[in-house]
Amino acid sequence: MKRKRKSTVTAPTKHPRLDAATVSSPPAERDHPVLRCYYSSVLPLRQYVLSKLPSLAKTRKQVLSVAGRGEINNENVEPDELGETLDSLLVGVRDAPSKGEEEARSQELVTFSQQLSESASALAPASFHQSEIVDFVIWLLFKRHAALPKPPHLLCNGFQRASAAGQNGMPLSIAPGIPGLIATHPNSHVETVKNPVWSKLLEMLGEGGDHIMLHLLLDCGIFKPVDSGRGNYVQLSGFPLSSLKSVKDIPKPPHPKSVAQKQTAKGKNKLNKLTDIKFVRSRMLYARPALNPKGNVRFGLGHIRECLSIFLVSRI
C-alpha cells in the first residue's frame, strides 16, 4: 500500500484586511464646557476629517481610522506623531458654508493661483499642497476683511498689507506665496499648520482634501491641549473666542422674584416685561411745582397736605 506524500506547499499567509471589524471606532464628540458655548459641535480632528470624507471613500476612511495608532502591522499605519495630532486636537465646528460660498471659494482659488509666479500658477487648484492652501487662506481672509487693518484670525497675525506697512514706516518683508502682503513678524500658528504632519494628512485625504482643509482653516476653530492642567487648550487656528457670538445661552441661576412670579402665574410661564406696563395719560397727575418764598422749588408734600396729614395723625 502506497503512502501518501505530505504536501510541502504551505498555504499563503493572509495579510490583515482593513475592514470594519478590525478598524476601531473613532472617538466620540467631546463635551467641552467652554467650547460648546461658541461652537455647535466639538470633535477630535480624526473624527472631523472622517465625517467630511464621502461615503464611498471606504479605503481612505479605514486608513485614517488607524493612522498613528499602531493597531495593525501594515504599511498604511503612520507614525505616532500623526496619531497624536489627530486625536489630541479639537475642532470647533460652526455653520457649514453654503453651496454658493463653496463655488465662490473655488473661483477665488483660481484667481489666487493666477496671481502667483509661473511655477506655482502651473499647478491646478486640486493639486495644491498644504503650504499653498495656508497661504490662500491668509490671502482670502485679507480680501474678505478689506475694511479692517487686519482680519481677526490667528493665521493672519504677523501679516499686513504692503501699502499700509509702507505708510506706517514698517520694514517691508514680502511674504513668499501671498501676493500683496508682507510679513512683519513670524507666526507660530502658520508654521504649525504647514509642518510635514499636516502635509501628510492632506495627502491621506486624497481627492477633495483641499476643500476639507479649506473648510477646517476658514470656518472652524482648532485647539491644542496644554501640558499643564486638565482640559486646558490653546487656540491654534480660527477666529478668537472673544470675537465669536455664543451659540447658546449660558444658564444663570433663577432670581427669587422670578420664581415667585412663575408660581403665581396660574400655569402661565410668560413673565411680564417692561413693555407690558401701560401708562394712562388721562389718569396721570400734572401740576406745577410748589415754590418757597425765595422762588425755589419746594420738595416734599405741599403745605395743605402736611396740615391734613398732621390733623389725621392727631385724630388717630
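Four aromatic pairs are counted in this predicted model. One of them joins tyrosine 39 and phenylalanine 223 in an edge-to-face arrangement, with 5.9 Å from centre to centre and 75° between the planes. A pair of aromatic rings is described by just these two quantities, the distance of the centres and the angle of the planes. The edge-to-face label follows because planes over 60 degrees apart are classed that way. The pair bridges distant parts of the chain: tyrosine 39 belongs to the segment before β1 (41-44), whereas phenylalanine 223 sits in strand β5 (residues 220-225), and 184 residues separate them. Both partners, tyrosine 39 and phenylalanine 223, are buried. Elsewhere, Phe112, Phe136 and Trp139 come together as one aromatic cluster.

It helps to place these rings in the overall fold. The protein has twelve helices and six strands. Of its 316 residues, 32% are buried. Among the contacts with a sequence separation of 6 or more, 61% are between residues 24 or more positions apart.

The nonpolar interior comes next. In soluble globular proteins, nonpolar side chains tend to be buried together. Here the largest nonpolar core contains 46 residues, and the members with the most contacts inside it are Leu45, Ile138, Trp198, Met213, Leu216 and Leu217. Helix α6 (residues 130-144) supplies the largest share of this core, with nine residues. A separate core of six residues lies apart from it, and includes Tyr39, Leu90, Phe223 and Leu244. Tyr39 and Phe223 of this second core are the edge-to-face pair described above. Back in the largest core, Met213 offers a good view of how the pieces meet: beyond its neighbours within four places in sequence, methionine 213 is in contact with Gln130, Ile133, Trp198, Leu201, Leu202 and Leu205.

Several of those partners come from helix α9, whose packing deserves a closer look. The axes of α9 and helix α10 (residues 209-219) come within 8 Å and cross at roughly 130°. The two helices are therefore oblique to each other. On the α9 side the contact is made by Trp198, Leu201, Leu202 and Leu205, and on the α10 side by Gly209, Asp210, Ile212, Met213 and Leu216. By class, the residues in this contact of α9 with α10 are seven nonpolar, one polar and one charged.

Helix α9 (residues 196-205) also packs against helix α2 (residues 58-66), with axes that come within 9 Å and cross at roughly 150°. Since angles over 145 degrees count as roughly antiparallel, α2 and α9 are therefore described in that way. Arg60, Val63 and Leu64 of α2 meet Leu201, Met204 and Leu205 of α9. This contact of α2 with α9 comprises five nonpolar residues, no polar ones and one charged residue. Leu201 and Leu205 thus appear in the contact with α2 and in the contact with α10.

Within α2 itself, the buried residues are Val63, Leu64, Ser65 and Val66. Their cover includes α1 (45-52), α3 and α9. Just after α2, glycine 68 adopts a positive phi of about 80°. The neighbouring cover element α3 (residues 80-88) holds threonine 85, which counts as buried because its relative accessibility is 17%. Outside its neighbours within four places in sequence, threonine 85 is in contact with Leu45, Val197 and Trp198. Leu45 and Trp198 are among the residues with the most contacts inside the largest core.

Two loop positions complete the picture. Leucine 155 lies in the loop between α6 and β3 (159-161), yet leucine 155 counts as buried, because its relative accessibility is 0%. Residues up to four places away aside, leucine 155 touches Val137, Ile138, Asn187, His189, Val190, Val193, Leu217, Leu236 and Ser237. With serine 237, the C-alpha to C-alpha distance is 6.2 Å, across 82 residues of sequence. Proline 179, in turn, is found in the loop between α7 (162-167) and β4 (181-183). At 24% relative accessibility, proline 179 is classed as partly exposed. Proline 179 and glutamine 115 are 64 residues apart in sequence, while their C-alpha atoms are 6.8 Å apart in space.

Key. Residues are numbered from 1 along each chain as its sequence is written. This is a predicted model: local features need pLDDT of at least 70, side-chain atom pairs count only at pLDDT 80 or more; totals for chains, interfaces and linings use all residues. Side-chain values use heavy atoms; hydrogens and water are left out. A nonpolar core is a set of buried Ala, Val, Leu, Ile, Met, Phe, Trp, Tyr and Cys residues joined through side-chain atoms within 4.5 Å. Buried means under 20% relative accessible area, exposed over 50%, partly exposed in between (1.4 Å probe, protein chains only). Helices (H or I, at least four residues) and strands (E, at least two) are DSSP runs, numbered from the N terminus. Contact means heavy atoms within 4.5 Å. Axes are lines fitted to C-alpha atoms, for helices over the stretch in contact, and angles run from 0 to 180 degrees between N-to-C directions. Angles under 35 degrees count as roughly parallel, over 145 as roughly antiparallel, 65 to 115 as roughly perpendicular and the rest as oblique. Ala, Val, Leu, Ile, Met, Phe, Trp, Tyr, Cys and Pro count as nonpolar, Asp, Glu, Lys and Arg as charged, and the others, Gly among them, as polar. Rings of Phe, Tyr and Trp (its six-membered ring) pair if their centres lie within 6.5 Å; planes under 30 degrees apart count as stacked, over 60 as edge-to-face and the rest as tilted.
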